Amino acid sequence: QRAAATALSRRMAVAPALMNANRIAFYYANDGEIDTTAAIERAWRMGKRCFLPVVVHPFLPLRFAPYVRRQKMRENRFGIPEPLVPRRELLTARNLDAVLVPLVAFDAHGGRLGMGAGYYDRTLAFVAGRRYWQRPRIIGVAHAFQQVERVPQEAWDVRLHGVITESGFLPA
């Protein structure tokens, strides 16, 4: 896991989909997901603004809190740490350049399988009908072995623009 996280950090630094991104939403690894901590550290060194998701309500879209060094954190209802910031500092996904999404599985066509709660689908639903304005970029983050031939897709599933693994960037 540590080697994969280090390799992921290097891959993210040169990923075409993230080169011009300034506001990037990462995630706090949970339940075997590939760790983004080293990537966040590298992003800070590159002058990027980092954000983490915050669950404000189980049926509402995620919000994104600024994440800085030595940030005070609290655990959400799933036991995942979230930045402890005033509600007025939370951003919607529309205000971000890229959203990094943890994956259970993915395919080469931008299909993704998450943990099943639908948080990212609700949060990013506004991107689904767009043809030209591609902000934020939706980038999956996973181990290379999590790629499968085809992920079943439902009408509400939001497709990825690409996936970053410890092996490299795979555009969808």
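**Figure 1. Arg70, an exposed loop residue.** Arg70 has 79% relative accessibility, so it counts as exposed (exposed is over 50% relative accessible area, buried under 20%, partly exposed in between; 1.4 Å probe, protein chains only). Arg70 sits in the loop between strand 3 (63-66) and strand 4 (73-75). Its phi is near 55 degrees, a positive value in a residue other than glycine. The model is predicted: local features need pLDDT of at least 70, side-chain atom pairs count only at pLDDT 80 or more, and totals for chains, interfaces and linings use all residues. Residues are numbered from 1 along each chain as its sequence is written, and side-chain values use heavy atoms, without hydrogens and water.

**Figure 2. Asp31 in its loop.** Asp31 lies between strand 1 (23-25) and helix 2 (37-45). Its phi is positive, about 60 degrees, although Asp31 is not a glycine. Asp31 counts as exposed because its relative accessibility is 65%.

**Figure 3. The elements of the chain.** The chain has 3 helices and 11 strands. Helices (H or I, at least four residues) and strands (E, at least two) are DSSP runs, numbered from the N terminus. From that end, the order is α-β-α-β-β-β-β-β-β-β-α-β-β-β.

**Figure 4. Burial and contacts in the chain.** Of the 172 residues, 48% count as buried. Among contacts with a separation of 6 or more, 66% join residues 24 or more positions apart. A contact means heavy atoms within 4.5 Å. The C-alpha trace spans about 40 × 35 × 30 Å along its principal axes.
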